[in-house]
Amino acid sequence: MRIKKRKRQNRAVKFYTACCGFRKPFRVFCCGTFVHHLVDRRITPADHVLSQLLGSPVKLFTTRCIIAELKRLGPSYTEALDAARSLVIARCGHEEIKGGDACIRDLIGKTNAEHFFLATTDYGLREKFREVPNTPIIYASENAVMLESPSAFQRSYVKNMEEKRSHLSSLEDKILNRRKFNEENSDTEKEGTEDQQTIKKKKVRKGLEVKDKVQFKRKRAKGPNPLSCLKKKKRENTSTPPKDGNGNSGKKRNRKRTRSKSNKSKQASQAEN
Ligand SMILES: [Zn+2]
């Protein structure tokens, strides 16, 4: 049975560290009745007992309001009062001292942002704080200290938070899918519900237009090069025929040559003459 309880409590600690952001050393908030119970039953030293329970070093906290409450309870609580005074005093922000329950409620608030383990022997308080998310509850039995496993409400709260996170990512997936559809079919746009999506679509379209224009310009720029190739071909054609056209028809070249020859012949004839 002890091993089973131990495993259950370790699982609870893992739940609060993994899902609720609790970090070591754990902060344990001790209410007046809990301190009194530990002192009365000699479950001491308290920090050692609680660190063994949670498997981690702990810091024990209380408030001025709780110390004042212990003082009000009379001489039977003097030992508990001294023990409470040795704890770290958390700032509850109450200028006028309040009752212990009200002070704890204000300190932990709606979501226990400070990540306190709440240590109490008051069953009513335990019931109330089972309905507060991220609030582990430590209670004391006759001779031992125990950690409650997370309540159904706390588990469902964590699940809901996780689902919300996953829901956001699914929305992002939808947006991505719509983007893909828009890229494939830019004309079909009937579902324009969200402004951000429409803005993103427009951005995608603009990007596509710009890319197309740039591509066309590049193609046009590539065009002139073949013209230069054609010119080269013409030159080649002009240069090749004379080799082949020496025998077939080289009137022009013949003329040129004849001219050159005639000139040369004239020059030669002139020289001869
Ligand atoms: Zn207070």
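**Figure 1. H2 and H5 sit roughly perpendicular to each other.** This is a close-up from a predicted model. The angle behind that title is roughly 110°, and the two axes come within 9 Å. Angles from 65 to 115 degrees count as roughly perpendicular, so the pair H2 and H5 gets that label. As for handedness, H2 and H5 make a right-handed crossing. On the H2 side, the contact uses Gly-32, Val-35, His-36 and Val-39, while H5 brings Glu-79, Ala-80, Ala-83 and Ala-84. Sort the residues of this H2 and H5 contact by class and you get five nonpolar, two polar and one charged.

**Figure 2. Helix H2 is mostly covered.** H2 runs over residues 32–40, and seven of its nine residues are buried. Which residues of H2 are the buried ones? They are Gly-32, Thr-33, Phe-34, Val-35, His-36, His-37 and Leu-38. Among them, Gly-32, Val-35 and His-36 also turn up in the contact with H5. Once H2 is over, look for Arg-42, which has a positive phi near 55°.

**Figure 3. H4 and H5 pack side by side at an angle of about 165°.** Here you see helix H4, residues 64–72, and helix H5, residues 78–85, with 9 Å between their axes. With that angle, H4 is roughly antiparallel to H5. This crossing is left-handed, whereas the one between H2 and H5 is right-handed. From H4, the residues in the contact are Ile-66, Ile-67, Leu-70 and Lys-71; from H5, they are Ala-80, Leu-81, Ala-84 and Arg-85. Six of the residues in this H4 and H5 contact are nonpolar, two are charged and none is polar. Two names may ring a bell: Ala-80 and Ala-84 of H5 meet H4 here, and Ala-80 and Ala-84 also take part in the contact with H2.

**Figure 4. Helix H6 has its buried residues on one face.** H6 covers residues 100–108, and its buried residues are Gly-100, Cys-103, Ile-104 and Leu-107. Why do they line one face of the helix? Seen down the axis of H6, the buried residues fall within an arc of 100°, so they end up along one face. What do these buried residues pack against? Their partners are strand S1 (26–30), H2, H4 and helix H7 (123–129). Just past the end of H6 comes Gly-109, with a positive phi of about 70°.

**Figure 5. Two cis peptide bonds, one before Pro-25 and one before Pro-45.** The peptide bond joining Lys-24 and Pro-25 is cis, and its omega is about -5°. Pro-25 belongs to the loop between helix H1 (2–20) and S1. The other view shows the bond from Thr-44 to Pro-45, also cis, with omega near -5°. Pro-45 is in the loop between H2 and helix H3 (46–54).

**Figure 6. His-115 and Asn-134 both have a positive phi without being glycine.** For His-115, phi is about 60°. You'll find His-115 in the loop between H6 and strand S4 (116–119). For Asn-134, phi is near 60°, and its home is the loop between H7 and strand S5 (137–140). Which of the two, buried or partly exposed, describes each residue? His-115 has 18 other C-beta atoms within 10 Å, which makes it partly exposed. Asn-134 has 22 such atoms within 10 Å and is therefore buried. The cut-off for buried is 20 or more.

**Figure 7. Arg-130, a loop residue between H7 and S5.** Arg-130 is partly exposed, with 15 other C-beta atoms within 10 Å. Leaving out residues up to four places away in sequence, Arg-130 touches Ile-137, Ser-151 and Phe-153. Ser-149 is 19 residues from Arg-130 along the chain, and their C-alpha atoms are separated by 10.0 Å.

**Figure 8. The whole protein chain, for orientation: 11 helices and six strands.** How much of the chain is buried? Buried residues make up 21% of the 273 residues. Take the contacts between residues at least 6 apart in sequence, and 63% of them join residues at least 24 apart.

How values were computed. Residues numbered from 1 in each chain as written. Predicted model: local features only at pLDDT ≥ 70, side-chain atom pairs only at ≥ 80, totals over all residues. Axes fitted to C-alpha atoms, helices over the stretch in contact; angles between N-to-C directions. Helix = DSSP H or I, 4+ residues; strand = E, 2+ residues; numbered from the N terminus. Parallel < 35°, antiparallel > 145°, perpendicular 65-115°, else oblique. Left-handed = near helix turned anticlockwise from the far one by under 90°. Contact = placed C-beta atoms within 7 Å. Nonpolar A, V, L, I, M, F, W, Y, C, P; charged D, E, K, R; others polar. Buried ≥ 20, exposed ≤ 12 C-beta atoms within 10 Å, placed from the backbone. Arc of directions from axis to C-beta.
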